[in-house]
Amino acid sequence: MAEFRYLAIDAEGREKRGAIIADDRVAAETKLAGRKLYVVECAHGGPAQTKAPLLRLTRTKFSPRELALFTRQLATLSEVSPLEEALRTTARQSEADHVRTIITAVHGGVVEGRRLADAMAREPKSFPPLYRAMVAAGESSGTLATILERLSALLERQAEVRGKLIATLAYPVVLAFVALAVIAALMIWVVPKVVEQFDTVGQQLPLLTRIIIALSGFAANWWWAALMGISLVGVATTWLLRRPGPRLVFDGWLLRLPLIGRLIRNLHAARFARTLGTMVASRLPLVEGLSLTIPTIRNSVLAGATANVRDNVRSGGSLSAAMRSAALFPPLLIYLTASGESSGRLDTMLERAADYLESEFDRFTSTAMALLEPLIIVVMGAIVALIILAILLPILQLQQLTGA
């Protein structure tokens with residue numbers, strides 16, 4: 001009998017570390033599987049995870065784009081060369097120091113005789129549990145190159161969707177910031193200089209002008225208090241959203257919003273379908289795939305719904321029926337999932353659902369942003385027009401009095 005240190009993933013998608021006594025490694029992994037744990041690493045005697053270098057002057061993990069690029073390079077090289085050589089070549093080709101350091105640590109683990117998934121456990125910040133589980137499944141089935149190819153396609157598609165979203169939001173955000181800056185400059189510096197000319201008039205100013213003067217005075221004298229208040233509200237909101245109860249309420253409110261709720265649901269459904277489809281195609285058990293998907297979901301309501309889907313599937317129900325009972329997944333995804341289950345092509349149907357939902361997401365965001373940009377311009381123009389009108393009204397009033 002010997003002691004084996006392990007790193008595993010439970011049914012909830014959480015990492016579990018510990019030690020187990022068994023005759024050999026196979027027996028240890030069998031015992032862990034009996035506890036409903038998916039083994040990522042199981043090592044004789046030593047710790048389940050080797051510490052990374054203590055001193056790093058650069059970033060210590062892959063960015064999503066760097067992980068996608070590394071996976072694509074490794075998938076290509078592993079088809080034509082041994083894994084150890086593919087890792088060494090990938091490390092040499094990397095220009096960023098932190099990328100080279102991470103790949104070198106993984107390469108060192110493979111040279112020591114570890115499986116690739118076990119070596120990647122040295123860098124858990126760069127290689128999440130879902131990633132390592134799929135690599136482990138590819139190593140166990142002898143289809144590592146195929147799994148890496150699917151993983152690279154998945155990561156590249158996720159990076160593409162993320163890039164489209166950022167590019168779509170960039171212009172409206174900059175436009176809104178410039179609009180707020182222009183309005184603030186008018187209220188703080190321009191309006192006070194102009195209204196000084198009306199102090200000696202002796203006539204009551206129009207209501208609109210008085211309102212603008214009051215707002216301008218507040219902005220000029222108490223802008224620091226406004227910024228402090230906004231900062232305090234931001235800090236308090238962040239603190240509250242880290243607590244499960246308020247976060248659940250907030251996430252549920254987001255899903256009920258007319259446009260944003262639909263956008264979040266479609267984006268989640270597309271990512272869920274593509275990730276799960278990739279794992280099913282990689283011969284990863286469906287329940288394990290659902291468990292590994294849950295930690296990747298940011299919205300707590302959708303994460304809870306996915307957890308309920310996993311529990312229903314574990315109890316013997318079908319995936320499509322479990323998704324239908326959750327009442328949060330698009331009907332198209334449920335229909336294609338049911339078709340995939342009945343035809344034995346679940347992975348293909350999930351991929352098709354993801355393609356359609358992502359294209360719908362692209363159309364929806366393009367239309368929404370096309371409407372948002374002129375809306376910001378119109379709102380900014382209306383506010384500036386009110387400020388100018390508030391300045392012109394007293395002048396017109398003086399002209400009328402003079403003419404009289």
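# Notebook: helix α13, the β1–β3 pair, helix α10 and a pocket

**Entry 1, around α13.** I began with alanine 326, which I found in helix α13, and I kept in mind throughout that the model is a predicted one. Leaving out residues up to four places away in sequence, I listed Ala305 and Val309 as the residues that alanine 326 touches. I also looked up the separation of alanine 326 from glycine 304, and the C-alpha atoms of the two are 9.4 Å apart in space, with their positions 22 residues apart in sequence.

I then moved to alanine 327, which lies in the loop between α13 (319–326) and α14 (331–343). The backbone there caught my attention, since alanine 327 has a positive phi of about 60° although it is not a glycine. For context I noted that most residues other than glycine have a negative phi. I looked up the accessibility as well: alanine 327 has a relative accessible area of 63%, and because the cut-off for exposed is over 50%, I entered alanine 327 as exposed.

**Entry 2, strands β1 and β3.** I next asked how many bridges join strand β1 to β3. I found six of them, and the two strands, β1 being residues 2–9, run antiparallel. For individual partners I wrote down two cases: phenylalanine 4 stands opposite histidine 44 in β3, and leucine 7 has glutamate 41 of β3 as its bridge partner.

I checked burial for each strand in turn. In β1, six of the eight residues are buried, so I described this strand as mostly covered. In β3 (residues 38–44), six of the seven residues are buried, and therefore I recorded that strand as largely enclosed by the rest of the structure.

**Entry 3, helix α10 and the loop before it.** I took the loop between α9 (244–256) and α10 as my next stop, since leucine 259 lies there. Is leucine 259 buried or exposed? With a relative accessibility of 56%, leucine 259 counts as exposed. Its C-alpha is 8.8 Å from that of alanine 368, although leucine 259 and alanine 368 are 109 residues apart in sequence.

Within α10 itself I looked at histidine 268, and I found a relative accessible area of 10%, so that histidine 268 is buried. Setting aside neighbours within four places in sequence, I listed Ile297, Leu302, Thr306 and Phe329 as the contacts of histidine 268.

Further along the helix I came to threonine 275, whose place is in α10 (residues 260–281). I found a relative accessibility of 5% for threonine 275, which therefore counts as buried, the limit being under 20%. I then asked which backbone atom lies 2.8 Å from a polar atom of the side chain of threonine 275. I found that it is the backbone oxygen of arginine 271. Apart from residues up to four places away in sequence, threonine 275 touches Leu130, Leu154, Gln158 and Thr293.

**Entry 4, leucine 292.** I turned to helix α11 (residues 286–293), where leucine 292 is found. Leucine 292 has a relative accessibility of 4% and so counts as buried. With residues up to four places away in sequence not counted, the residues that leucine 292 touches are Ile9, Pro129, Leu130, Ala133 and Leu284. I noted that Leu130 is in the list for leucine 292 and also in the list for threonine 275. I also looked up valine 106, which is 186 residues from leucine 292 in sequence and 22 Å from it in space, C-alpha to C-alpha.

**Entry 5, the second largest pocket.** My last search concerned open space, and I recorded about 420 Å³ for the second largest pocket. Of the 13 residues that line this pocket, those closest to its centre are Ala184, Ile188, Ala219, Trp223 and Ala226. Which helix gives the most to the lining? I found that α8 does, with seven residues. Both α7 (144–195) and α8 (207–241) supply at least two residues each to the lining of the second largest pocket. By class, I entered 13 nonpolar residues in that lining, with no polar and no charged residues.

Definitions and conventions: Residues are numbered from 1 along each chain as its sequence is written. This is a predicted model: local features need pLDDT of at least 70, side-chain atom pairs count only at pLDDT 80 or more; totals for chains, interfaces and linings use all residues. Side-chain values use heavy atoms; hydrogens and water are left out. On a 1 Å grid over the protein atoms alone, a cavity is a set of points where a 1.4 Å probe fits but cannot get out, and a pocket is an open set with protein on both sides within 12 Å along at least five of seven lines; lining residues have an atom within 4 Å of a point. Grid points are joined across faces, edges and corners, and a volume is the space filled by probe spheres set on the points. Ala, Val, Leu, Ile, Met, Phe, Trp, Tyr, Cys and Pro count as nonpolar, Asp, Glu, Lys and Arg as charged, and the others, Gly among them, as polar. Buried means under 20% relative accessible area, exposed over 50%, partly exposed in between (1.4 Å probe, protein chains only). A polar contact is a pair of N or O atoms within 3.5 Å; within protein, one must be able to donate a hydrogen and the other to accept it, and residues adjacent in sequence count only if both atoms are side-chain atoms. Contact means heavy atoms within 4.5 Å. Two strands pair if DSSP finds at least two bridges between them.
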